[in-house]
Structure formats: C-alpha cells, structure tokens
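Colleague: I would like a close look at a single part of this model, taken from its own geometry out to its surroundings. Please give it as one connected account.

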Number of protein chains: 2
Amino acid sequence: MIEPRTLKGFRDTLPTAMLAREHVIDTAKQVFRSFGYLPIDTPALEYSEILLGKGGDETDRQMFRFMDQGDRDVAMRFDLTIPLARFVAQHAHELRMPFKRFHVAPVWRGENPQRGRYREFVQCDFDTVGTTSINADIETALVIHELFLALGISDFGIRINNRKVFNGLLHRLDLVDRITPVLRAVDKLAKVGPERVTAELSDAGLSEDQTIELFKLLDIEGSDPFEQIEEASHLVGDAGDEGIDELTAMFEGLRASGVTHHAVLDLSIARGLDYYTGSVFETFLTDLPEIGSVCSGGRYDDLASTYSRREFPGVGASLGVDRLLAGLEEMGLIDVPGATAPVLIVMFEAGRINDYLALAARLRRSGIGVELYPEARKLGAQLKYADRAGHSFAVILGETEFAAGTAQVKILASGESVDVRVGDLPGTLHSMIGA
Amino acid sequence: MIEPRTLKGFRDTLPTAMLAREHVIDTAKQVFRSFGYLPIDTPALEYSEILLGKGGDETDRQMFRFMDQGDRDVAMRFDLTIPLARFVAQHAHELRMPFKRFHVAPVWRGENPQRGRYREFVQCDFDTVGTTSINADIETALVIHELFLALGISDFGIRINNRKVFNGLLHRLDLVDRITPVLRAVDKLAKVGPERVTAELSDAGLSEDQTIELFKLLDIEGSDPFEQIEEASHLVGDAGDEGIDELTAMFEGLRASGVTHHAVLDLSIARGLDYYTGSVFETFLTDLPEIGSVCSGGRYDDLASTYSRREFPGVGASLGVDRLLAGLEEMGLIDVPGATAPVLIVMFEAGRINDYLALAARLRRSGIGVELYPEARKLGAQLKYADRAGHSFAVILGETEFAAGTAQVKILASGESVDVRVGDLPGTLHSMIGA
C-alpha cells in the first residue's frame, strides 16, 4: 500500500472550492473578452536560462529546476510574465500589435508554505503589449473595475499612481540614483508605517529635508483626484509633468467611463518592482485591506529586452485568484451552487430505468441540467444525497406517478412537494429554477 | 541576448488555436455539468511513488521526475487517472458517492515528439466512482454523445463493447490465463489487420480452432445491436451472460435516451489496457477514422487498490482535446471568431478619447463586447487591424459624426457602411450581431 498524500505545499481542489474558482476564472475571462483580449497558453516547462535571473536570487532558488531526459536544464514557470516576454519575442511576426492577451494558468514556487500560500497557484494575467498610449493604461483600470463588479463585489478600491510623478520628485531632489532603494522603502509604507520607512530612507542616504519633501507627496490625500493631481504638480516640478498629464488623462478617462468612487489616486503606491515605468495599480477589498492587493499591475517600457532587440512596451495586471477567493469566502460572497445540475431524478423503480433516461434526456434537451441517480437505493438515501450535493429539486416517479402521468417535484430547500404533469415538467422546472 | 525558444516537444498556443481549444473545453464542461459532474483539480507534481509503475516501464521512463529542494523524489503527472485514484483514496471521507468528477488539465510525457504529439497536452476526463450500476455506464456513453453534438459534429460513432462478453468467450475456450496477450493482439486489429493479429494470437499459444472461434465474435457485424447481441450470446455461452445483459441494458438505455445511429456495437473493440472490466468505449469521426479514437474509456472494478483497502469501482472516459481539435480543423468545423469582442471602436480623433471611452462603456454595459483601438493611427491601419483580428463591425466617429450625433458602422465582411444615430447604437449593434 502506498499512502495517498499530496506534496508539502501542494493541495487538491475539491468540488466546492473548484466551483468557486471556476466561477471567478470564467467571470474574469468573460470580462477580458468583452474588452477584446485574446487567450494564449505557454508550456509549464521552459529552458532554465529563460527563467533565471528575472525575479531575483530568491525566485531562482525557489524554482523547480532539473535536468530532463535529454539532459536539458529545465524549470517550471514561476509566473506568467516571463513566459509572455519570451512568447512575444518569439512570435512577434505572427502577432498583431497592439497585442492584448490574457493567460490563466498555474505557476510553481518552492516557497516555505504559509497559511494561504501554496507552492502551486493559479495566476490570471492580462496585458496590452506594443503601445505606449495612456489609453491602454486607462483600459487596464477599466478591466479591473468591470471584473470586480462582475464578481458581485461592490466595496473595493483601485488605487492608482504613476511612477513618473514619483521619479519627477526624485529628480527634483537629486535622488535619481537612489530610485530603487527609495521605491523598496516606500512600497512597505502601508505595512510597516512611516517611522520605519523614514529609517530605511535615511539608511538609503536621504537627508531629513529630502525625506520631508518625499512624505509631502506620499501624504497627499483627498476625495477629488484632480485636486490631488494639482497639489502633486506643484511638488514635483517640471520633471513630473508627463506623469501629471498621464494621471489627469487616466482619471478623466475613468470618469468618462462612469468609474468614480472605485478608482482613487494614491500617491504612496510604489510597487516594489523595478520594471514599472508609468501607471501602477493595486486593488483592495474595502472590508479586508489586511489581505493586501488582490489585483496589481502597471506599465513597463520594455517587456522582452532579454530576448529581443525590438522594444515591446506594455501595461497589464494580474488577478490574485487564490487570495481573492479567500477574501470572497471571508466576506460570504461566494454563492456558487454546490451542484452543477439543479435537478436530481430519483431512481425509484429500477425497472423503469429507460423511462427515467428518456425523461432526463428530454429535460436536458430543454436546457435543464439533470443528474439521474444511478442506483435504486432507498428514497431517503437519494434525497439526502441530493440535499447534500446541493441540488435544488428532486423529481420522483414511482408506479403510481407513472400510471397517473404525473411527477412529484420536491423543493429541497423547503421540503415542499408539488405534483406536476410529466408533459409540463420542462416548463414548470424552468420557471422554478428561474424563480 | 537569450534566444526565445520553447523546449523540444513543447509549444506555445497562439490566440487562434487557443480560442478553438477554449471552445472545445468550455463546451465539454457545460455538457459534464448538465449531467451533474463536478470539477476538481490536483497538483501537477506528485510524489514519484504515487505515479511509478502504473503505466508500464515506458511510462516510467517518460516521466519528468526529479528531486525537489527538500530532497523529495517528485514527478509531473502523466495522466489524470492516477491522480484521481490517489485523490479518491485520500478524500473518500469528504466525498459523496457516487462521486462524479471532471478534470481538465495538462499532463506531461517525455515521449519522442511526432507530428501532432507533444510532451505537454491537455486531458479532459470524466468519471463516476463508487457505483457498479450499468446506469453509470449508459450515462458515460450519453455524455460522449451529447458532447459531440454540442460541438456541432454530426458524423461520429461511439463504438461500444463489453469486456465481460470477451472474457466469457475466453473462458469457454479455456483461455482465461491468456486474457492479457489476447487483448493486446485484438486491440491492434483495426491498425494491423486480421493476418498479423492471427500470427500474434498463435504466438500467444492459441490453436487454430480457438482463433477461428475468437474471430467469429470479433466479426459479428450488423446495423441492429440487439441482433448482434443475440448472435454473440450463442457464441460466448453462460460465462458471457453478464456481459450480454449489460450490453442489452446499454443499448436499451441509449435508445430510450434518443441515441440511435451514433452508438454502435463493435465486438472487436478491446482497448489494450488491463484494468477495464466491463463496458469499453471508443469514438471515431466518420470522415477521419485514421486519426483514431477521440474519446475513449470504460469500466474498471477498482480504481485505487494501490492506495486504499476500500474498493472504488467506476466508469469514465477521456476526451482527446488536441486530437479532436486537429480533426475539427481538418474537417473545417472550427468556426470560432478570431476576435473575442465583435466591435472595434476606431480612435479617429485623439482628443475625443473620453467620448470613445463613454461610448465603449455604454455598449459593454448593454452586453456588447467592444475593443477600443488605443492610438489615433490612420483609419486604414485601424480597419486593417480590425479585419485581420476578426472583428465583425468597426464603429467610426469623427468630428462630422459627433456634430451630427451619428456613427458610421462598417460591416467588415462586406465593406458596407451604415449611419446609425449614436443613441441607437446599442440596439442596432445587438441586432446586427444577432443576424
């Protein structure tokens, strides 16, 4: 006997959790499609040289990397961005630019497992590659907005900033060579608070005055993004003009699209990653800020510089499916039926199997999902199965019902039963499911 | 510079191919759901001991197997059946029996790449575990039937047989200890012809008389399965009674469900795999028999005997997504639009971006997928993009149109244009898309 078990840090997804995950992913795909994004897929395994050195030493160490049967040095992808970069460089001649793609797939990282973090998880990315237009940035924020509304979430905030504003200030303060450590420090603001960030900025070589100026920008708050932008423009000087213009276009575009209170300007959003060069996005659930951003992204100047001399600027974001699912569950917003077919036909008389099959086929053909219980077990056992499985209705026909040409329809939530003429079942069940 | 390339035997899936694959997978999932099957997922990586020795030496050699960071001997799954067996044994106490699951996921085999065969491919399995009832076998055939119809395929045949009939004959011929080599030989019949099968049977120790009797069974043909069953019952004797009864129930159940000419009895279908014990299924595209079975499966007595003392009988099948896609393409049956959003709004005047955004938002809210071109490039370039991308309609508004409150809607297939009042656009585009 071999003990049936999953690897440390890995897990199975059981039906209830999988139904919720499929709901989130299907909703996301539908939103991506409504904006014209196209699906792609890339292999789980890549040459290690493609993946190495892209996410820092820790990412390299966490990679599932090995020699394959042909002595190739290979590794499992740890995100969907590096594969996109390789894909775009490799297939540029086959792609129409701007290239708008989405990619939903598992990635693997040999991290130390923590609560809610696994070594295999699903990423859900969308990007527009091949245009520097701010309109693609606006669209990225719009997609995030529609996505959360489509998931039935009304309390969320997309926090938007622009790196160019931040860089403009650093330019004015003669801190251009300190951009990376300053970004890293500021990125921790929400987590560790201003005191520890101030200490880290001091370690990075900032004077007290420079730190004070920086915090003036980070602290700009307000309910009107245009007033905030105005305030920021005075602080950052000419070097930040492009960023100020882009933020203005962003919030005007969002307003024109009917997006108001769900999009906020947050001048302290830095996103630690070096490669963002313009807009940056983070998305928080209002009632659960502590779980962190559930959808993040931004603009980058050049996606594929490692693989191609051609420049591929772009903008995109990534939905944290597992983190969002955890949040939805905590907020009680996961309302996916446990059964995929709303109706269970009870097998009451084993000898009537062909009548049950004919009825099931007729109901399915009318568009109703139907499960037929496979064995003539006791009625109570079958109803218990239906109740636990999450079916809404059980259809029961014994010899009495067959003789009368009627069926008993049991509403599982209330326990009530109604008699329905067999010929009327498709119509009646349709209205009962609709109600 | 690192050369952007995929590993030998691996490939990227570009949007056109991915749209077709998503269409097949989404259709399959919808059919599975309409019968009450539930989705699950399992990790790509398993302990090697879970996977080893389940598919023969060749499968073991083809496994992507390595030591992980924690010195665990791990491997990537090569099918979805072994993970299901491990899953069922591990989670039996959390599952309702009968447990009906589907699982759509990639698997990996380090085979020598051939035309149309890759080292990574998607499997699409559905199984009913925990019941020995023939009704679950009937349902398996019904799911295959509905699946192909839902994909718009009308010319296909589900070839059905039952191992118990075959075993009954071997029993009558005193060949019970020769079952495995006989099955392996018969499984090749369609591929290599009767002469080579006869030679292989002789190697397996069958006498000429035994071979003649065996071929009598394999050769039973006809258009009425019930006549074929009758003929077979005389040949196989009492030992095959159970198989004969099951085949009868199968074809009666299919007939009751409205399935007639798409399901045929083929007493020569053996399926080489040892573990099938009852019904076996293969599905062929009538116009492309040479690509082999595109959906195969059968009944097994015990799924998880390696991992559990409890018996888990079941029945299921696997859709060969990539093989089917190749077939659909060859038959010209892939008719998926190349664009995910039917409408492209042309960016004619850069300064009107907020008006275009407002229009796009309004159309999307009315349920129409809309892509907004991000840059104010020349009209011709944008229309060429729309045409190549596969959009159906381009919506054009310049200053003249804004002043008049109308939009030009260009039908890309015909090149025709119509003027539509901006307020009427949602309704008009809805009817144009519907038509």
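The part I have in mind is a helix of chain B, and what follows is the request and one long answer. What does helix H14 (residues 353–365) of chain B pack against, and which of its residues are buried?

Modeller: The model is predicted, and every value below is computed from it. Helix H14 (residues 353–365) of chain B has 13 residues. From first C-alpha to last, H14(B) reaches 18 Å, close to the 18 Å expected at 1.5 Å a residue. Just after H14(B) comes B:Gly367, with a positive phi of about 100 degrees.

The buried residues of H14(B) are B:Ile353, B:Tyr356, B:Leu357, B:Leu359, B:Ala360, B:Ala361, B:Leu363 and B:Arg364. Their packing partners come from both chains. From chain A these are helix H1 (15–34), helix H5 (134–150) and helix H12 (241–256). From chain B they are strand S12 (343–345), strand S13 (370–372) and helix H17 (425–434).

On the chain B side, one residue deserves a separate word. B:Ile345 touches three residues listed above as buried in H14(B), namely B:Tyr356, B:Leu359 and B:Ala360. Leaving out residues up to four places away in sequence, B:Ile345 also touches B:Val370, B:Leu372, B:Tyr373 and B:Val395. The largest nonpolar core has 239 residues, and within it A:Ile345 and B:Ile345 touch the most other members. As a general point, nonpolar side chains in soluble globular proteins tend to be buried together.

The chain A side belongs to a wider interface, in which 82 residues of chain A are in contact with 81 residues of chain B. By class, the side of chain A that touches chain B has 40 nonpolar, 21 polar and 21 charged residues.

A helix pair across that interface can be described in detail. Two packed helices are described by the angle between their axes and the distance between the axes. Helix H14 (residues 353–365) of chain A packs with helix H12 (residues 241–256) of chain B at an angle of about 40 degrees, the axes being 8 Å apart. The crossing of H14(A) and H12(B) is right-handed. H14(A) contributes A:Ile353, A:Asn354, A:Leu357 and A:Ala358 to the contact, and H12(B) contributes B:Glu252, B:Gly253 and B:Ala256. By class, the residues of this contact are 4 nonpolar, 2 polar and 1 charged.

Another helix of chain B, H5 (residues 134–150), can be set beside H14(B). The 17 residues of H5(B) should span 24 Å at 1.5 Å a residue, and its end C-alpha atoms are 24 Å apart, which agrees. H5(B) is mostly covered, with 15 of its 17 residues buried. After H5(B) comes B:Gly152, whose phi is positive, near 80 degrees.

Both positive phi values so far belong to glycines. Most residues other than glycine have a negative phi. B:Asp71 is not a glycine, yet its phi is positive, about 60 degrees. B:Asp71 is in the loop between strand S3 (65–67) and strand S4 (73–76) of chain B. B:Asp71 is exposed, because only 12 or fewer other C-beta atoms within 10 Å are allowed for that class, and B:Asp71 has 7.

Key: Residues are numbered from 1 along each chain as its sequence is written. Chains are lettered from A and ligands numbered from 1 in the order in which they are written. This is a predicted model: local features need pLDDT of at least 70, side-chain atom pairs count only at pLDDT 80 or more; totals for chains, interfaces and linings use all residues. Two residues are in contact if their C-beta atoms, placed from the backbone, lie within 7 Å. Ala, Val, Leu, Ile, Met, Phe, Trp, Tyr, Cys and Pro count as nonpolar, Asp, Glu, Lys and Arg as charged, and the others, Gly among them, as polar. Helices (H or I, at least four residues) and strands (E, at least two) are DSSP runs, numbered from the N terminus. The expected span of a helix is 1.5 Å times one less than its number of residues. A residue is buried if 20 or more other C-beta atoms lie within 10 Å of its own, exposed if 12 or fewer, and partly exposed in between; C-beta atoms are placed from the backbone. A nonpolar core is a set of buried Ala, Val, Leu, Ile, Met, Phe, Trp, Tyr and Cys residues joined through C-beta atoms within 7 Å. Axes are lines fitted to C-alpha atoms, for helices over the stretch in contact, and angles run from 0 to 180 degrees between N-to-C directions. A crossing is left-handed if the near helix is turned anticlockwise from the far one by less than a right angle, and right-handed if clockwise.
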